[in-house]
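Please read the following account with the model open beside it, turning to each region as the text reaches it. The paragraphs move from the chain as a whole to its interior, its surface and its charged pairs.

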Amino acid sequence: MVDPLAEGEPAPPVAAPGDRRRLSKWRLYSRRFARNRPAVAGVVIFVLLVAFALLGPLFARYDHVELDFLALSDPPSPEHWFGTNNAGNDLYAMVVVGLQRSLLIAVVVATGTTILSAVIGTAAAYFGGRVERVSLFVIHFLMVAPTFLLLAMMSNDSGGDWRVIALVLILVSWFFQARTIWTLSLSLREREFVHAARYMGVPGMRIVLRHLIPNIGSLLVINFTLGVVGAVMAETGLSFLGFGVKLPDVSLGSLIGIGSSSISSAPWMFYFPAAALTLLTVSMALVADGLRDALDPTSAAGGRA
């Protein structure tokens, strides 16, 4: 056998003990998340639901407000895949529109509450003094107030407008997250990079936005995901009781509220929107658990790095 060294060829490099390629932070998180099979299943279900909401209208034979007087409370059939309601509306088209509306409300509310709670929580911790006392007073007052009663009172005169409902949900949902973010930011404000930025004359609000908030990004991602679930459940409860989205606009909550009154005579009116709502909330809960395990370095659920 010919020795490669004798031929003048360079010897293959020998890896030093412990010499491994360093993974980027987000690549490491993605690998830990991918090891969590329930979380991956949640992502798949959520993507399928979004695809159904976006592409579903392309396959609908009827508009959600169009009436078929020859098919009143008809069960699922080739003509009406999900059946019809008492007025003759195609339930397939109504579920597609209801899922679109519920997803839109959930994303808007989760985004608004995440941003509002992050800014108020970190600002209260950084500035301290009167800003902190006033912020905590408002947070603690809202935490003990009857939230659902406030929701019902403020959304009662909304006329079923989803934009008003989303704004109301943001106003009564941000303080729970803000309290947690304030607690975490108390330790961050004593870190060296915050002291260095303050010493260099960086304005306080810029320190909050450029230094404190990015360092709690993992918590904000989890809060956003859980906020989607909370917003869907809150909107469903309001619409079910008649305080949320109203006809001719529909949401999953309003469809469930309408279908619950006919569950014995026309169960498909309840089961199809309830199935869509269950899949949405379960998928986001699984994704939130997977993100929490992937972003938490002390969690063993995501596997070894």
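What follows is a walk through a predicted model, beginning with its overall make-up.

The chain contains twelve helices and zero strands, so that, read from the N terminus on, its elements run α-α-α-α-α-α-α-α-α-α-α-α. Of the 305 residues in the chain, 42% are buried, and the chain exposes about 16,900 Å², with carbon and sulfur atoms supplying 67% of that area. When contacts are restricted to residues at least 6 apart in sequence, 69% of them join residues at least 24 apart.

The record adds a layer of annotation to this picture. In an unreviewed entry, UniProt lists residues 39-60, 103-127, 134-152, 164-186, 207-234 and 268-288 under "transmembrane region", and such annotations may be inferred rather than shown by experiment. Two of the spans can be set against the model's geometry: residues 134-152 are 89% helix and 0% strand, with their end C-alpha atoms 26 Å apart, while residues 164-186 are 91% helix and 0% strand, with end C-alpha atoms 34 Å apart.

We turn next to the interior. The largest nonpolar core has 41 residues, of which Val95, Leu99, Ile105, Val109, Leu151, Leu169 and Leu280 touch the most other members. Helices α2 (37-59), α3 (91-127), α6 (162-171), α10 (217-240), α11 (252-260) and α12 (268-295) each supply at least two residues of this core, and the largest share, twelve residues, comes from α3. Which residues does Leu280 contact once its neighbours within four places in sequence are left aside? The contacts of Leu280 are Phe46, Leu49, Leu99, Leu103 and Val232. Apart from this core lies another, of 13 residues, and Ala118, Tyr126, Ile216 and Leu219 are among its members.

Two polar residues offer a further view of the inside. Thr122, which has its place in helix α3, counts as buried because its relative accessibility is 0%. Leaving out residues up to four places away in sequence, Thr122 touches Ser117, Ile181, Ser185, Val208, Leu212, Ile213 and Ile216. Thr122 and Met205 are 83 residues apart in sequence, and their C-alpha atoms are 9.6 Å apart in space. Gln177, for its part, is placed in helix α7 (residues 174-188) and counts as buried because its relative accessibility, 13%, falls under the 20% cut-off. With residues up to four places away in sequence again not counted, Gln177 touches Thr113, Thr114, Ser117 and Asn223. Ser117 therefore appears among the contacts of Thr122 and also among those of Gln177.The surface has a nonpolar feature of its own. Leu54, Leu55, Leu58, Phe59 and Trp81 form a patch there, with about 580 Å² of accessible area together. Leu55, one of these residues, has its place in helix α2 and counts as partly exposed because its relative accessibility is 45%, which lies between the 20% and 50% cut-offs.

The charged side chains come last. Side chains of opposite charge can pair when their charged atoms come close. How many salt bridges does the chain hold? The count comes to five. In one of the bridges, the side chains of Asp249 and Arg101 meet with an N to O distance of 2.9 Å. Because Asp249 lies in the loop between α10 and α11 whereas Arg101 lies in helix α3, this pair ties together parts that are 148 residues apart in sequence. Are Asp249 and Arg101 buried or exposed? Both Asp249 and Arg101 are buried.

Another bridge joins the side chains of Glu190 and Arg189, at 3.4 Å from N to O. Glu190 is partly exposed, with a relative accessible area of 47%, and Arg189 is likewise partly exposed, with a relative accessible area of 21%. In a further bridge, the side chains of Asp293 and Arg292 meet at 3.6 Å, N to O. Here Asp293 is buried, with a relative accessible area of 12%, whereas Arg292 is partly exposed, with a relative accessible area of 43%. This pair also belongs to a wider arrangement, in which Asp289, Arg292 and Asp293 are linked in a network of salt bridges.

Note on methods:
Residues numbered from 1 in each chain as written. Predicted model: local features only at pLDDT ≥ 70, side-chain atom pairs only at ≥ 80, totals over all residues. Heavy atoms only, no water. Core = buried A, V, L, I, M, F, W, Y, C linked by side-chain atoms within 4.5 Å. Buried < 20%, exposed > 50% of the residue type's maximum accessible area, 1.4 Å probe, protein only. Helix = DSSP H or I, 4+ residues; strand = E, 2+ residues; numbered from the N terminus. Contact = heavy atoms within 4.5 Å. Patch = residues over 30% accessible without salt bridge, like charges linked within 9 Å, V, L, I, M, F, W, Y side chains within 5 Å. Areas by Shrake-Rupley, 256 points an atom, 1.4 Å probe, with all protein chains shown as cover. Salt bridge = Lys/Arg side-chain N within 4 Å of Asp/Glu carboxyl O.
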